[in-house]
4 protein chains.
Amino acid sequence: MINTAMINTAPDILRCGYVELVVSDLAAAREFYVDLLGLVITKETPDTLYLRTLEEFIHHNLVLRAGPVPAAAAIAFRVRTPEDVDLAEAHYRDLGCPTRRAAGGFVDGVGDAVRVVDPLGFPYEFFHQVEHVERLTWRYDLHRTGSLARLDHVNQVTPDLPAGIAYLEGIGFRVTEDIRDSDGVTYAAWLRRKPTVHDVALTGGDGPRLHHVAFAAHESHQILAVCDRLGALRRSDCIERGPGRHGVSNAFYLYLRDPDGHRVELYTQDYYTGDPDNPVVTWDVHDNQRRDWWGNPVVPSWYAEASAVLDLDGNPVPNRPRADPAEAAVTIGADGFSYTRAEGEERGFKLGDQV
Amino acid sequence: MINTAMINTAPDILRCGYVELVVSDLAAAREFYVDLLGLVITKETPDTLYLRTLEEFIHHNLVLRAGPVPAAAAIAFRVRTPEDVDLAEAHYRDLGCPTRRAAGGFVDGVGDAVRVVDPLGFPYEFFHQVEHVERLTWRYDLHRTGSLARLDHVNQVTPDLPAGIAYLEGIGFRVTEDIRDSDGVTYAAWLRRKPTVHDVALTGGDGPRLHHVAFAAHESHQILAVCDRLGALRRSDCIERGPGRHGVSNAFYLYLRDPDGHRVELYTQDYYTGDPDNPVVTWDVHDNQRRDWWGNPVVPSWYAEASAVLDLDGNPVPNRPRADPAEAAVTIGADGFSYTRAEGEERGFKLGDQV
Amino acid sequence: MINTAMINTAPDILRCGYVELVVSDLAAAREFYVDLLGLVITKETPDTLYLRTLEEFIHHNLVLRAGPVPAAAAIAFRVRTPEDVDLAEAHYRDLGCPTRRAAGGFVDGVGDAVRVVDPLGFPYEFFHQVEHVERLTWRYDLHRTGSLARLDHVNQVTPDLPAGIAYLEGIGFRVTEDIRDSDGVTYAAWLRRKPTVHDVALTGGDGPRLHHVAFAAHESHQILAVCDRLGALRRSDCIERGPGRHGVSNAFYLYLRDPDGHRVELYTQDYYTGDPDNPVVTWDVHDNQRRDWWGNPVVPSWYAEASAVLDLDGNPVPNRPRADPAEAAVTIGADGFSYTRAEGEERGFKLGDQV
Amino acid sequence: MINTAMINTAPDILRCGYVELVVSDLAAAREFYVDLLGLVITKETPDTLYLRTLEEFIHHNLVLRAGPVPAAAAIAFRVRTPEDVDLAEAHYRDLGCPTRRAAGGFVDGVGDAVRVVDPLGFPYEFFHQVEHVERLTWRYDLHRTGSLARLDHVNQVTPDLPAGIAYLEGIGFRVTEDIRDSDGVTYAAWLRRKPTVHDVALTGGDGPRLHHVAFAAHESHQILAVCDRLGALRRSDCIERGPGRHGVSNAFYLYLRDPDGHRVELYTQDYYTGDPDNPVVTWDVHDNQRRDWWGNPVVPSWYAEASAVLDLDGNPVPNRPRADPAEAAVTIGADGFSYTRAEGEERGFKLGDQV
């Protein structure tokens with residue numbers, strides 16, 4: 001039961017717990033996240049909204065804070081014990097990262113926590129103490145279109161995938177799926193702590209930037225209902241991509257853009273990954289079905305755009321360019337190529353070495 | 001109860017009953033329609049397949065006939081009585097159209113019928129006598145992915161919408177929805193006999209061509225399951241457009257292309273239109289949500305491509321060009337414009353004059 | 001196109017259009033039908049509520065009127081033309097039934113109409129003129145749990161099935177399904193005007209009583225969501241039976257009881273019946289799956305209880321007893337018998353003579 | 001990251017991995033589990049079937065072995081490391097339980113394992129080494145009605161709940177929900193290792209007996225489709241209870257009985273429970289919605305019947321009677337009472353102390 005390699009070196013991360021976003025117009029953001037998506041308000045102040053999903057019992061999964069420039073201020077992970085916050089602080093200090101401790105928490109509803117700028121430039125937070133609130137699982141009278149049940153994951157853009165993966169494995173994440181090419185270039189990777197496909201995805205590109213935050217629903221019709229409602233409200237232009245079925249993760253998905261351009265994914269039905277020998281699924285970057293199982297094209301904005309992230313003083317972290325080829329470049333247009341059925345293969349396809 | 005205007009002049013059409021398609025490779029077509037879409041084989045001969053949907057009790061909804069060039073050979077409507085076949089024959093003779101009568105039916109399972117080349121150039125058939133077969137509604141043991149329950153409609157491409165609509169109204173069809181612009185140009189119209197949104201849609205374009213045949217399922221997840229299965233079989237490239245929600249008709253849809261390029265729509269959940277004063281819904285051609293309620297773009301091939309149709313001797317009917325502007329031309333690219341929220345309107349949108 | 005047998009003798013009925021119920025507590029009824037079931041208020045007065053479904057364009061599908069004793073005051077059918085109201089009046093006079101004409105309509109939103117006490121003792125109304133209102137099909141922002149789209153049918157309890165069926169066939173209804181035994185006793189029958197399984201069902205029992213009013217949704221999950229919401233509001237005791245799948249009609253169903261005990265069915269996905277030779281499906285009364293395809297038992301109250309109906313003066317119509325055996329009596333308890341798989345049949349079952 | 005209390009004393013259990021059932025007619029069991037429920041055959045021998053769910057990558061989730069008397073031969077848990085098998089063996093020896101080690105595994109596809117008769121009398125197995133097989137998540141071409149994705153949990157009948165709970169907590173399980181009364185009697189408890197509501201439920205009653213094995217699907221319509229298919233095959237009598245929504249766990253459920261009477265649950269959509277301070281939900285035994293959120297009654301057989309379990313020599317373990325009151329006795333019939341809305345509570349109900 002003891003993983004000796006990690007004793008005293010890394011915090012025991014439970015899951016992605018909440019994200020703090022800076023939004024330029026809090027009222028517009030409130031309408032988007034509360035009125036359109038049905039997230040529940042735990043607490044509201046003049047400049048901050050604390051929102052949670054329907055099955056959450058900790059204080060919040062999303063903090064919206066009014067500010068001059070839209071950005072991601074924190075990606076916060078819950079750890080197993082109060083002591084794991086200490087381990088996190090020590091771990092990132094050892095890595096040479098800026099760290100900051102707040103015994104009373106950085107936001108309402110959360111206690112002792114540490115924030116760091118991680119080796120990839122992302123503002124990560126680790127916390128355990130948290131205010132409990134009512135889990136609204138059974139409160140169907142409060143469920144709205146979408147019925148978003150859980151915060152599922154964040155997706156981050158970073159230039160250097162192998163280094164990013166190694167760093168996350170060092171704090172206990174495990175890769176469940178990735179996208180590569182035959183030259184060994186990695187284009188994206190999915191890593192988990194809780195036993196779903198991911199708590200964190202890394203997408204290759206200029207970064208650090210936050211690609212999206214994903215909330216999980218239970219059934220695909222709940223996601224379709226969000227689309228229908230957005231159409232009725234003449235807000236269909238906030239649908240960026242989907243709905244569709246991912247190849248990676250097998251989840252049913254929809255990508256929205258909030259009024260500041262922050263990307264939100266609605267997501268349902270990936271699979272259990274909790275065994276230590278869970279097979280990694282590797283997708284060929286030229287496989288047309290890797291990002292949409294039905295072969296529908298990825299829109300260019302989905303590859304190109306993402307949210308700035310802030311350092312511990314609230315300043316945007318400058319981006320570094322990706323040196324490896326970009327996924328969009330090798331799969332779209334004249335220079336890329338892709339396939340639905342690979343030549344010369346009996347089944348026309350091989351889903352990585354998943355056994 | 002008597003519509004005197006139509007006595008003795010037009011047949012009483014019940015519904016779109018079946019379509020006969022010429023396919024270049026019957027085995028490939030069989031795999032598509034039977035193995036992938038789950039249509040049920042009523043009868044099979046070396047060069048012809050008679051297929052039906054799960055809730056059909058007449059012999060077939062689709063005839064696939066092997067032939068040198070893919071085309072639509074007949075669009076067949078069931079009429080209320082045997083005498084309505086006589087009325088149909090007389091009606092089209094009066095219109096000056098070529099007609100041909102077959103007392104024993106043109107295809108297996110159907111009795112006395114008349115085929116005509118209608119004023120728009122389409123091969124229409126009218127029949128009443130038909131062999132009954134088992135309605136498989138309750139035979140869930142035979143239902144396959146998709147669970148296609150009914151033939152719903154055909155969509156036809158024709159250059160001249162107003163004339164086409166007037167002709168169809170003359171044989172008892174009623175418009176339920178249409179797409180127009182502020183100059184009075186009609187781009188498409190939906191017309192019904194059975195009380196759904198349509199048995200026939202007319203789409204403006206060079207024609208006569210068959211745009212698609214649509215089969216109805218009961219629930220949207222059944223259509224999603226078809227997508228998932230096509231992905232698993234590495235046949236996702238037969239998905240042309242969707243899945244999505246139509247603005248027009250409000251139906252959930254998916255467009256596929258069969259191995260010959262014939263377009264098939266899977267369709268579910270439009271609305272009851274059976275009252276004589278059923279409100280017509282008119283959509284602005286520049287309304288982004290008219291063809292996809294979620295604002296997802298229509299792929300160019302969907303506008304451009306359609307199946308040739310055959311005359312009574314089996315020869316392709318030459319196309320006439322559309323003189324009015326094309327919908328794709330006025331809505332896509334530099335010259336078109338469209339909107340999600342119309343300027344200056346309180347709700348940002350008006351759904352035609354549907355009251 | 002002319003059905004000579006019916007010229008000048010019977011009105012051309014389009015569909016079941018609305019039901020008027022007397023309720024003892026209008027506020028409680030409003031909470032049930034509007035807050036719980038999501039019906040839309042077209043008009044509200046101190047003692048009357050006019051409600052409609054989401055896809056309706058006529059003024060209302062349900063009138064709730066405050067009164068001392070819960071009862072059904074009218075079952076109203078829409079007819080094709082204004083003249084059909086005259087035909088209806090003449091037809092029922094010829095049948096010797098009490099009739100009453102109201103040029104301005106009996107309720108708000110409806111014009112010239114006739115009410116009758118039909119040969120079975122039910123208060124039927126026939127109307128054509130009606131105020132149009134917005135069809136809310138696309139207004140997903142107004143859809144609530146359940147998303148009830150249409151009024152589908154009424155189910156009436158009457159002692160004498162064969163006479164009732166003959167009378168309804170005389171005004172143009174057609175039987176689509178029935179339940180019988182091998183001695184020729186009919187226990188229930190389903191009859192339609194619009195091409196679904198029914199506008200009217202007759203259930204054998206002491207009558208005249210209204211068994212239930214049914215509203216149609218599009219997908220089964222919408223009905224499950226009603227159950228979940230009733231649970232959350234601690235109103236699960238208004239669920240009387242289901243959810244389940246009917247054998248008869250193949251529809252997915254749920255039966256609720258309103259605060260006065262009026263029974264409401266939520267219903268989805270029966271099949272097209274519009275062809276004149278639509279096969280009748282006959283079920284054996286001893287077939288366990290006839291009323292629930294999954295074999296779940298019918299609760300006794302469902303057989304025993306129903307709403308009183310009013311005559312043209314608003315007085316309850318006395319009940320006559322059923323002489324034939326009751327379905328509950330022959331299928332439940334010591335004297336009844338039933339089967340899931342009939343002995344000696346190859347498939348263990350035969351779905352009537354539906355071909 | 002170190003739970004010192006458990007070092008060297010208990011195995012690190014990942015999840016319920018498989019169940020071995022003895023069946024009297026292997027062909028009939030094969031038809032039930034493979035043809036009706038769509039489980040996938042990993043391996044088949046003349047007297048044994050190894051079956052798995054669609055998203056499983058270990059060799060099997062269910063072993064069906066032909067034998068004279070239907071019974072549960074093993075409930076097998078996967079542990080994190082090979083060393084955890086040693087810990088399990090030592091732990092149960094310390095508890096004074098019979099243990100048996102099989103370096104080559106007790107069944108095909110599994111390596112080194114230990115079987116024990118646990119303090120409650122159940123045959124538990126602990127294993128780590130296992131043969132990997134293809135995860136069929138993306139193989140929608142192989143998915144059948146039901147699309148059972150995972151083995152979710154087992155439910156065990158035991159006389160003494162508090163002792164049973166304490167013992168399971170001793171090997172690392174945590175209670176997520178339970179059913180109690182105001183006198184402190186516990187009627188049932190749900191305990192988890194993987195972060196769902198449970199891997200093991202304990203139900204109070206004469207035992208040890210296996211109440212049921214549960215497989216998880218992704219969407220509720222997949223469970224409804226199983227019901228429809230069972231109806232079509234005239235096998236509806238294998239439906240014992242449901243479909244419905246549980247109060248406990250909030251999952252959508254269906255209970256079936258296999259040809260030997262072994263109970264199988266189809267289950268979908270409980271919630272994440274992985275945080276150490278996950279709130280326990282306590283239900284009042286008199287709350288009508290605890291076992292069915294819609295208030296539908298539990299059938300008596302569901303309370304009364306369960307499968308015998310075998311000891312390490314294959315002999316049935318004798319049952320001990322429950323001393324505490326039985327749930328059925330206190331909730332059904334003249335002596336029990338229950339409520340939908342508790343008197344005197346503002347919301348009419350309180351969902352335990354879940355905060």
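## Salt bridges and chain symmetry

Asp178(D) and Arg180(D) form a salt bridge, with their closest N and O atoms 2.8 Å apart. This is a predicted model. Over all chains, the structure holds 124 salt bridges. Three pairs and one network are picked out below, followed by the relation between chains B and D.

**The Asp178(D) pair**

- Asp178(D) counts as buried, because its relative accessibility is 3% and the cut-off for buried is under 20%.
- Its partner Arg180(D) counts as partly exposed, at 36% relative accessibility.

**A pair between two strands of chain D**

- Glu240(D) forms a salt bridge with Arg263(D). The closest N and O atoms of Glu240(D) and Arg263(D) are 2.6 Å apart.
- Glu240(D) sits in strand E14 (residues 239-245) of chain D, and Arg263(D) sits in strand E16 (residues 263-268) of chain D. The pair therefore ties together parts that are 23 residues apart in sequence.
- Glu240(D) is buried, with a relative accessible area of 10%.
- Arg263(D) is buried as well, with a relative accessible area of 3%.

**A network with residues of chains A and D**

- Salt bridges that share partners join five residues into one network: Arg15(A), Glu56(A), Arg78(A), Asp275(D) and Asp277(D).
- Chain A contributes Arg15(A), Glu56(A) and Arg78(A) to this network. Chain D contributes Asp275(D) and Asp277(D).

**A pair within chain B**

- Asp313(B) forms a salt bridge with Arg100(B), and their closest N and O atoms are 2.8 Å apart.
- Asp313(B) lies in the loop between strand E18 (307-308) and helix H6 (327-331) of chain B. Arg100(B) lies in strand E6 (residues 99-102) of chain B. The salt bridge therefore ties together parts that are 213 residues apart in sequence.
- Asp313(B) is exposed, with a relative accessible area of 57%. The cut-off for exposed is over 50%.
- Arg100(B) counts as partly exposed, at 36% relative accessibility.

**How chains B and D relate**

- A turn of 180 degrees and a shift of 0.0 Å along the axis lay chain B on chain D, with an RMSD of 0.0 Å. The two copies are thus related as by a two-fold rotation axis.
- Of the interface residues of chain B, 100% are also interface residues in chain D, so the copies meet through the same surface.

Key:
Residues are numbered from 1 along each chain as its sequence is written. Chains are lettered from A and ligands numbered from 1 in the order in which they are written. This is a predicted model: local features need pLDDT of at least 70, side-chain atom pairs count only at pLDDT 80 or more; totals for chains, interfaces and linings use all residues. Side-chain values use heavy atoms; hydrogens and water are left out. Copies are superposed by least squares on the C-alpha atoms of residues with pLDDT of at least 70 in both. Contact means heavy atoms within 4.5 Å. A salt bridge is a side-chain nitrogen of Lys or Arg within 4 Å of a carboxyl oxygen of Asp or Glu. Helices (H or I, at least four residues) and strands (E, at least two) are DSSP runs, numbered from the N terminus. Buried means under 20% relative accessible area, exposed over 50%, partly exposed in between (1.4 Å probe, protein chains only).
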